[in-house]
Amino acid sequence: MTGGTSVVAEALRITGRDRRPVFGSAALAGVAALLVGGGIVAGAFAVSWGLFLEAGRAAELAVAYEDSYVAYADQWDSLVDVALCAFPLLLLLAMVLVAWLLTAQAVTVAHARERAAAGTTWALGALTLRALWRRSRPHLGAALRVQSLTLMWALVPGLAGLFVLVAIQLEVVPGVVWPTYHEPATVQFILVGRILPVVIWALGLLLLIRFSLATAVRVADGCSATAAMRRSWTLTRTARLRTTGTLLLSTAAIAAVFTVLKWLGTYVAHWAGLLMLATTDDNVWVTGVLVVITPAAVALVLLPFALAPAGVLFACLRERLDGGTGQARVPVAAPVGRSPGERCGDRAGRSTGPTPL
């Protein structure tokens, strides 16, 4: 805490005072998610339309002849191929939108600092969306690289945890057997198949936390993506307990908002399912897929309104850990002949040090 104000309270104050750029940037992200993400999903459905109709006809014939059948028995591989093409595009869209949201909130916090340093609330005027875009645009490329590198680091423990589950499923782990209806879970399975993956995935969450300030560092210091990630790693190491607690609190809040939005999305899924049944002559195969994905899709489209305040928190936390006092600091001119990556470490008077991990 600085000056009796916690970083969470400071972030809430800036979010309330600068709600136009904060939630305006969230609205732009939500519209982009709806249009681009919805277009990707609609395209996947269009490509798979014949497969869904074929699955429906096969099921109707099997029922007519009183034969048993398996859903999507002959269409499953093709549907998986379509999904494998759509998911990377959706992931790329998510990375771009997260980069935009974190950059925009870091710019908003910087503007709040400048306004406070000017001594009067209206000295610099309000931060319009056009001004926000103009100030954010130079940082978006590096912010996207930060998201890409962070995802690569987080995927290592993420895939490792899945590998443990797959190995148990394939029965290649000695003494560990996947439980069945007749054979309950053993102690070995609970330790290896439940606790171990969670511990590995927790490591991935820790990596996300340690790199979460990198975009704010980039906006503040103008350094490269890798230098910003090193600086974020150093900053979060100086106050590990407070940093981890603050960022876990924001993560829990985002997860809670996502859960609520997903629950609200079930009502949208209900009406979407009825509309799909009416337009496909009661084809439950395509309707079932639509009903399953709609709640998560609704939640993801509206989630930027929770991610934007979290981005303000990250930027405020970066300022606090980097020696800020809640007020704007006078920029220090970069040493002549130094690269942006070097300036990132020099600004605080500390070397960026070796690459983390």
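Start by selecting arginine 318: at 6% relative accessibility, this residue counts as buried. Keep in mind as you click around that this is a predicted model. Now add aspartate 322, which is also buried, with a relative accessible area of 8%. The two side chains meet in a salt bridge, 3.1 Å from N to O.

Next, widen the selection. Pick Glu10, Arg113, Arg231, Arg318, Glu319, Arg320 and Asp322 together, and you have a network linked by salt bridges. In the structure as a whole there are eight salt bridges.

Stay in that network and zoom in on glutamate 319 and arginine 113. Their side chains form a salt bridge at 3.8 Å, N to O. That still makes the cut, because the limit for such a pair is 4 Å. Color the helices and you'll find glutamate 319 in H10 (residues 304-321) and arginine 113 in H3 (residues 76-118), so this contact ties together parts that are 206 residues apart in sequence. Are these two residues buried or exposed? Glutamate 319 is buried, and arginine 113 is too.

From there, slide along H3 to glutamate 114 and bring up arginine 135 in helix H4 (residues 129-169). They make a salt bridge whose closest N and O atoms are 3.1 Å apart. The partners sit 21 residues apart, and the pair links distant parts of the chain. Turn on a surface here: arginine 135 is partly exposed at 29% relative accessible area, and glutamate 114 is partly exposed at 34%.

Keep the surface on and follow H4 to something without charge. Select Leu155, Leu159, Leu162, Val198 and Trp201, which make a nonpolar surface patch of about 460 Å². Which helix gives the most to it? That's H4, with three residues. H4 and helix H5 (187-210) each supply at least two residues. For a single residue to look at, try leucine 162, which is in H4 and counts as partly exposed at 43% relative accessibility.

While H5 is on screen, show helix H7 (residues 225-238) as well. The axes of the two helices come within 8 Å and cross at roughly 100°. Angles of 65 to 115 degrees count as roughly perpendicular, so that is the label for H5 and H7. To see the contact itself, show side chains for Leu207, Ile209 and Arg210 on the H5 side, and for Ser232, Trp233, Thr236 and Arg237 on the H7 side.

Now a stop for the backbone. Go to glutamate 171, in the loop between H4 and H5. Its phi is positive, about 60°, although the residue is not a glycine. Glutamate 171 is exposed, with a relative accessible area of 62%.

Then jump to aspartate 281, in the loop between helix H8 (240-279) and helix H9 (284-302). Here too phi is positive, about 55°, in a residue that is not a glycine. Aspartate 281 counts as exposed, at 67% relative accessibility.

For the last stop, select asparagine 283 and arginine 57. In sequence they are 226 residues apart, yet a C-alpha to C-alpha distance label will read 9.1 Å. Arginine 57 lies in helix H2 (residues 19-64) and is partly exposed, with a relative accessible area of 48%.

Technical notes:
Residues are numbered from 1 along each chain as its sequence is written. This is a predicted model: local features need pLDDT of at least 70, side-chain atom pairs count only at pLDDT 80 or more; totals for chains, interfaces and linings use all residues. Side-chain values use heavy atoms; hydrogens and water are left out. Helices (H or I, at least four residues) and strands (E, at least two) are DSSP runs, numbered from the N terminus. Buried means under 20% relative accessible area, exposed over 50%, partly exposed in between (1.4 Å probe, protein chains only). Patches are made of residues with over 30% relative accessible area and no salt bridge: like charges are joined within 9 Å, nonpolar side chains (Val, Leu, Ile, Met, Phe, Trp, Tyr) within 5 Å. Accessible areas come from the Shrake-Rupley method with a 1.4 Å probe; for residues, only the protein chains shown count as cover. Axes are lines fitted to C-alpha atoms, for helices over the stretch in contact, and angles run from 0 to 180 degrees between N-to-C directions. Angles under 35 degrees count as roughly parallel, over 145 as roughly antiparallel, 65 to 115 as roughly perpendicular and the rest as oblique. Contact means heavy atoms within 4.5 Å.
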